[in-house]
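Reader: I'm new to this structure and would love some friendly guidance. Could you pick one part, look at it closely with me, and then connect it to the rest, explaining the terms as you go?

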Amino acid sequence: MLQILFIVIVLFLILSYLRYLRRLPAEQRRRQIFWGGFIGLLLALLYLTVTGRLHFMVTLGAALLPLLKQIPVLFKVLPWLKRVRDEANAREQTQHRQAAERTQMSHAEALKILGLEQGASRAEVMAAHRALMQKLHPDHGGNDYLAAQINQAREVLLASSSGKDSNT
């Protein structure tokens, strides 16, 4: 029972501290996070000492000591891994864009994608495009491929209707 009470008090203190941090400007927040982490570490060590569990932490620290020697290597590798990931993302986006450009969409396919019928006006095309993009945009749960198809359908229909609308 005492342990549960202790855990509830610790959680309350952590949540109060996070609420306090949220109100601070960014520069003060960074400093407070550093000092809060430092004080939290000291309190955790004090708790482990009082409860007689510190020997476990010393053993764990001794076991992890050889890994600490590898930290400089890790700092050298991390920028390389980030660059590899960024290059892979750029390559994937380029492939999607190239696939969308290679695929020539017919007027009938564009009408079907946007859910329109033959003879749709420019305003109808724009409204259908807007409605679909609101549902299927990558930022709203859709994906890049669907967004590219919807955009291409709009371009095909607007290109074919530009001549008709300018004459009317």
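Author: With a relative accessibility of 49%, R130 counts as partly exposed, a label for values between buried (under 20% relative accessible area) and exposed (over 50%), with a 1.4 Å probe and protein chains only. The areas themselves come from the Shrake-Rupley method with a 1.4 Å probe, and for residues only the protein chains shown count as cover. R130 sits in helix α6. Helices here are DSSP runs of H or I with at least four residues, strands are runs of E with at least two, and both are numbered from the N terminus. From R130 to I33 there are 97 residues along the sequence, and their C-alpha atoms are 44 Å apart in space.

A word on how to read all this. This is a predicted model, in which local features need pLDDT of at least 70 and side-chain atom pairs count only at pLDDT 80 or more, while totals for chains, interfaces and linings use all residues. Residues are numbered from 1 along each chain as its sequence is written, and side-chain values use heavy atoms, with hydrogens and water left out.

pLDDT is the predictor's confidence in each residue, from 0 to 100. Its mean over the chain is 84, and 93% of the residues reach 70 or more. Helix α6 (residues 122-136), the home of R130, has the highest mean among the elements of the chain, at 92, while helix α7 (residues 144-167) has the lowest, at 78. Where pLDDT is low, predicted coordinates should not be read in detail.

Helices α6 and α7 come together again in the largest nonpolar core. A nonpolar core is a set of buried Ala, Val, Leu, Ile, Met, Phe, Trp, Tyr and Cys residues joined through side-chain atoms within 4.5 Å. This one has 15 residues, and those that touch the most other members are A110, L114, L116, V125, I150, A153 and L157. At least two residues each come from α5 (107-114), α6 and α7. The largest share belongs to α7, with five residues. In soluble globular proteins, nonpolar side chains tend to be buried together.

You can follow A110 as one example. Contact means heavy atoms within 4.5 Å, and A110 has such contacts with M105, A153, V156 and L157, leaving aside its neighbours within four places in sequence.

Next to look at is R154, a residue of helix α7. Its relative accessibility is 19%, so R154 counts as buried. Not counting residues up to four places away in sequence, R154 touches L114, V125, M126 and H129.

R154 also has a charged partner: it forms a salt bridge with E155, with the closest N and O atoms 2.7 Å apart. A salt bridge is a side-chain nitrogen of Lys or Arg within 4 Å of a carboxyl oxygen of Asp or Glu. Side chains of opposite charge can pair when their charged atoms come close. While R154 is buried, E155 is partly exposed at 44%.

In the whole structure, a search finds three salt bridges. Salt bridges that share partners join K82, R85 and D86 into one network. In one of these pairs, K82 and D86 bring their closest N and O atoms to 3.0 Å. Both lie in helix α4, four residues apart, which is about one turn of the helix. R85 meets D86 as well, at 3.6 Å from N to O. The three residues are partly exposed: K82 at 47%, R85 at 48% and D86 at 32%.

Helix α4 (71-102) also belongs to a nonpolar surface patch, and so does α3 (54-68), each supplying at least two residues. For patches, residues must have over 30% relative accessible area and no salt bridge; like charges are joined within 9 Å, and nonpolar side chains (Val, Leu, Ile, Met, Phe, Trp, Tyr) within 5 Å. The patch covers about 990 Å², and its members include L65, L68, F75, L78 and W80. Helix α4 gives the most, with nine residues. One of the patch members, L78, lies in α4 and is partly exposed at 41%.

Finally, find R97, also in α4. Its relative accessible area is 47%, so R97 is partly exposed. Between the C-alpha atoms of R97 and L5 there are 57 Å, with 92 residues separating the two along the chain.
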